[in-house]
Amino acid sequence: MRTAITRFLQHMATERNASDLTIKAYREDLFAFAEWIGQSDIGRVQLDSLTPQQLRKFQAALQQAGYARSTISRKLASLRSFFKFAMREGLASSNPAKPLRNPRSNRKLPHVLTSDEVGRLLVAPPAISEAGLRDRAILETMYSSGLRVSELVGLRDGDLDFSQGITRVRGKGRKERISPLGSFAIKAIQAYAGRRSRSPESEKLGRSAPVFVNRFGNILTTRSVGRMLEKYIAKAELDARTSPHTLRHSFATHLLDRGADIRSVQELLGHKSLTTTQIYTHVSATNLRQVYEKAHPRSA
C-alpha cells in the first residue's frame with residue numbers, strides 16, 4: 001500500500017501539477033490510513049481486498065478520536081482520489097471509499113468586517129516607508145480582488161494590467177482567473193513599486209518577478225503576510241478573529257450586500273462550486289431585512 005501511495009503522490013506532482021500543500025495533505029492523510037490499517041484488527045491486507053465496511057471502521061475511528069468533520073471529509077476525499085488512481089493503474093478493481101458519505105458539517109459563518117472596519121485596516125500601514133507602502137498595497141489588493149494569501153504572494157508583475165484594471169490570478173489547482181483591480185489598489189501598488197527594492201535574482205526575472213517582496217527583495221511567504229496583518233489588526237483595534245482570509249470574506253459579502261449576483265461573486269472568488277459561495281448569502285441575510293424595509297411598500 002505504501003508503494004502505491006508513493007506512486008500516487010508522484011502522479012499528483014508530475015501529471016496533475018498539484019501544489020506542494022495539496023501533496024502534503026494527501027501524504028499525511030494516506031499514510032495515516034496505511035498506519036491505521038496496520039495497527040487495526042484488519043491487519044495486513046492487499047490493496048485490492050479492502051472493502052467499504054473496513055473503510056467505515058477507519059471513518060468511525062476518526063470520529064471517536066475527535067477529528068473535526070471537515071478534516072474527516074478531507075481524508076475521505078483523499079482516499080477516493082487514491083483508489084480512483086489505483087483502479088486506473090490496475091492496483092485495485094473497485095473504489096471502496098466511493099460509497100462512504102462525508103459527515104454533515106456545521107458550517108460556521110465567516111467573520112466579516114464592516115466597510116468602516118475595512119477602511120480603518122487599509123489605512124493602518126504608514127504610507128511613508130517602503131514597508132508601509134508595500135503593506136498598504138497588499139491590503140488594498142486583497143480586499144479589491146478578494147484574493148487568498150497564496151494567490152497574492154504568487155502575483156507577478158506581468159499579471160497586472162493597470163490600463164484595464166485587472167490582474168491574472170493563479171488559484172487552487174493552478175487554475176487561472178481574471179480579477180478586478182480597483183483604483184485604490186492600483187494607486188497603492190504603483191506607489192509601492194516606485195520605492196520597491198529587489199534582489200538581483202528577482203531583477204533577472206523581469207515581468208515574471210514577484211509584485212510583493214520582503215526586506216531582502218525576495219518573494220514574500222504567506223506566513224509573512226499573516227504576521228504583517230496581525231500587527232495592523234491590533235493597530236486598527238479590530239476583532240481578534242480577523243485573519244488574512246477575513247478580507248476575502250468581506251470582499252464577497254460587501255459585493256452581495258450591494259446587489260452583486262451570486263454567480264458573478266463565484267467567478268470572482270474562483271469557487272468551483274456555487275455551494276461554496278452560498279455561505280455568503282447567509283452572512284448577508286441581516287442586510288436583507290433592511291433592504292426589504294426600505295424597498296417594500298407594505299413592509300411596516
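The following paragraphs go through the annotated positions, the salt bridges and the paired strands of this structure, which is a predicted model.

The UniProt record is a place to start. In an unreviewed entry, UniProt lists Arg148, Lys172, His245, Arg248, His271 and Tyr280 under "active site". Two of these can be placed in helices. His245 is found in helix H11, which covers residues 244-257. Tyr280 belongs to helix H14, which covers residues 279-283.

Are these two residues buried or exposed? Tyr280 has a relative accessibility of 3%, so Tyr280 counts as buried, the limit for that term being under 20%. His245 has a relative accessibility of 34% and therefore counts as partly exposed. The surroundings of Tyr280 can also be listed. Leaving aside residues up to four places away in sequence, Tyr280 touches Pro110, His249, Ala252, Thr253, Leu256, Leu269 and His271. One of these contacts, His271, is also in the "active site" list from UniProt.

Arg148, another residue in that list, leads to the salt bridges. Side chains of opposite charge can pair when their charged atoms come close. The side chain of Arg148 meets that of Glu151 in a salt bridge, with an N to O distance of 2.4 Å. Arg148 and Glu151 are both buried. The model has 16 salt bridges by the rule applied here.

Some salt bridges share partners, and in this way Arg7, Glu15, Arg88 and Glu89 are joined into one network.

Two further pairs involve helix H2. Within this helix, which covers residues 20-39, Lys24 and Glu28 are 4 residues apart, about one turn of the helix. Lys24 and Glu28 form a salt bridge in which the closest N and O atoms are 2.7 Å apart. Lys24 has a relative accessibility of 43%, so Lys24 counts as partly exposed. Glu28 is partly exposed as well, because its relative accessible area is 41%.

The other pair is formed by Lys75 and Asp29, whose closest N and O atoms are 3.1 Å apart. This salt bridge links distant parts of the chain, since Lys75 lies in helix H4 (residues 69-88) and Asp29 in helix H2, 46 residues apart. Both Lys75 and Asp29 are buried.

The strands come next. Strand S1 (residues 160-161) and strand S2 run antiparallel and are joined by 2 bridges. In this pairing, Leu160 stands opposite Thr167 of S2. S1 and S2 form a hairpin with 4 residues between them. Gly165, in the turn of that hairpin, has a positive phi of about 70°.

Strand S2 also pairs with strand S3 (residues 176-180), again in the antiparallel sense, over 5 bridges. Here Val169 stands opposite Arg177 in S3. S2 and S3 form a hairpin too, with 5 residues between them. The turn of this hairpin contains Gly173, whose phi is positive at about 70°.

Which side chains of S2 point to the buried face? In a regular strand the side chains alternate between the two faces of the sheet. Along S2, which covers residues 166-170, Thr167 and Val169 point to one face and are buried. Ile166, Arg168 and Arg170 point to the other face and are not buried. The two buried residues are also those named in the pairings above: Thr167 opposite Leu160, and Val169 opposite Arg177.

Notes
Residues are numbered from 1 along each chain as its sequence is written. This is a predicted model: local features need pLDDT of at least 70, side-chain atom pairs count only at pLDDT 80 or more; totals for chains, interfaces and linings use all residues. Side-chain values use heavy atoms; hydrogens and water are left out. UniProt positions are given in the numbering used here, feature names are shortened, and annotations may be inferred rather than shown by experiment. Buried means under 20% relative accessible area, exposed over 50%, partly exposed in between (1.4 Å probe, protein chains only). Contact means heavy atoms within 4.5 Å. A salt bridge is a side-chain nitrogen of Lys or Arg within 4 Å of a carboxyl oxygen of Asp or Glu. Two strands pair if DSSP finds at least two bridges between them.
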